[in-house]
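Biologist: I am new to this structure and should be grateful for a close look at a single part of it. Please describe the second largest pocket, and then the residues and contacts that may help me to read the model around it.

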Amino acid sequence: MTAFPSAPRQSNYQMPPWGESAWAMTDEMAHAPAAPYSGGFGYRSADPAPWYVNANNRDNAVERAVQQLLDALGVDEGEHTAQTPARVAAAWRDMLWGYDEIPEDHLDTDLPAPDDSGLIVMHGISFASTCARDLLPFAGTATVAYRPHPGQRVVGLSKLARLVHGYAARLQVQERIAHQATAGIMRKLNPSGAMCVITARHDCMRLHGVGEPAAQATTEARKGVWLDHEMALVHRLHADNR
């Protein structure tokens, strides 16, 4: 059985190679002792939005901006838009709560596990996010998988879902959510491999531009060493929950 490691660190938004490569590894190498995970992907784990820094002023600033938008559009629907700035400010606060936490910190609480836990896959994770380019929603499902080294502790399954939710609750691009989740697992748990697959529909494609309401995008981030049958299992489970 051939093992497929991830590529060396690449520039932003590049995906790991899919097929067998010159640096393929054996099954024995896949179960080598743990080594510290040294790097990230060029993304900070916590990037507070400027309007989130001061809790007393953040909603007022957003309300003023929304009122300016309504004025620029020449829209005044009387009672229907009288409270729109306050309602929109509250909605953005609810949608961007991920800036108030470091999502990978959910992985700090670990649990004892069997000597060799094998592959751990959490699939069917529903999420919603907001496109950083268009400020429009996108939503879909995520699958998160990792393989602890023999003797390592594991985290509760809900923590993997919280990891995805925390990074999704920001202004995002789909590719970055998967990379941030994978990097967080590698930093906190130091497994032999971590992987995140995401499939989502984007309102920026539905509401304007190309006009493809049924189109879906699937992206993947993968780090560490992976065996071909493990990747096949993760992909199959993800496809079953799209």
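Modeller: What follows begins with the pocket and then turns to selected strands, loops and a helix.

The model is a predicted one. The second largest pocket holds about 190 Å³ of space. Its lining consists of Cys131, Arg133, Asp134, Gln172, Val173, Gln174, Glu175, His202, Cys204, Met205, Ala217 and Thr219. Three elements give two or more residues to this lining, namely α7 (174-189), α8 (203-207) and β8 (217-227). Sorted by class, the lining residues of the second largest pocket are 5 nonpolar, 4 polar and 3 charged.

Strand β8, one of the elements just named, also holds Glu220. Is Glu220 buried or exposed? Its relative accessibility is 13%, and because buried means under 20%, Glu220 counts as buried. The side chain of Glu220 takes part in polar contacts with two other side chains: that of Arg222, at 3.0 Å, and that of His235, at 2.9 Å.

A contact of another kind involves Trp226. Arg147 lies over the face of Trp226, at 5.6 Å from the ring centre.

The next topic is aromatic pairing. How many aromatic pairs does a search of the whole structure find? The search finds 1. The partners are Phe127 and Phe138, whose ring centres are 6.2 Å apart and whose planes meet at 80°, so the pair is edge-to-face. The cut-off behind that reasoning is that planes over 60 degrees apart count as edge-to-face. The pair links distant parts of the chain, with Phe127 in strand β3 (residues 120-131) and Phe138 in strand β4 (residues 137-147), 11 residues apart. Phe127 and Phe138 are both buried.

The loop between β3 and β4 contains Leu135. With a relative accessibility of 45%, Leu135 counts as partly exposed, a class that runs between the 20% limit for buried and the 50% limit for exposed. The phi angle of Leu135 is near 55°, which is a positive value in a residue other than glycine. Most residues other than glycine have a negative phi.

Asn190 may be read alongside Leu135, for its phi, near 50°, is also a positive value in a residue other than glycine. Where is Asn190 found? Asn190 belongs to the loop between α7 and β7 (193-202). Asn190 is buried, with a relative accessible area of 16%. Along the chain, Asn190 and Pro148 are 42 residues apart, while their C-alpha atoms are separated by 7.6 Å.

Finally, there is Pro85, which is found in helix α5 (residues 84-95). Pro85 has a relative accessible area of 7% and is therefore buried. From C-alpha to C-alpha, Pro85 and Gln68 are 9.3 Å apart in space, and in sequence they are 17 residues apart.

Definitions and conventions
Residues are numbered from 1 along each chain as its sequence is written. This is a predicted model: local features need pLDDT of at least 70, side-chain atom pairs count only at pLDDT 80 or more; totals for chains, interfaces and linings use all residues. Side-chain values use heavy atoms; hydrogens and water are left out. On a 1 Å grid over the protein atoms alone, a cavity is a set of points where a 1.4 Å probe fits but cannot get out, and a pocket is an open set with protein on both sides within 12 Å along at least five of seven lines; lining residues have an atom within 4 Å of a point. Grid points are joined across faces, edges and corners, and a volume is the space filled by probe spheres set on the points. Helices (H or I, at least four residues) and strands (E, at least two) are DSSP runs, numbered from the N terminus. Ala, Val, Leu, Ile, Met, Phe, Trp, Tyr, Cys and Pro count as nonpolar, Asp, Glu, Lys and Arg as charged, and the others, Gly among them, as polar. Buried means under 20% relative accessible area, exposed over 50%, partly exposed in between (1.4 Å probe, protein chains only). A polar contact is a pair of N or O atoms within 3.5 Å; within protein, one must be able to donate a hydrogen and the other to accept it, and residues adjacent in sequence count only if both atoms are side-chain atoms. Rings of Phe, Tyr and Trp (its six-membered ring) pair if their centres lie within 6.5 Å; planes under 30 degrees apart count as stacked, over 60 as edge-to-face and the rest as tilted. A charge sits over a ring if NZ of Lys or CZ of Arg is within 6 Å of the ring centre and within 35 degrees of the ring normal.
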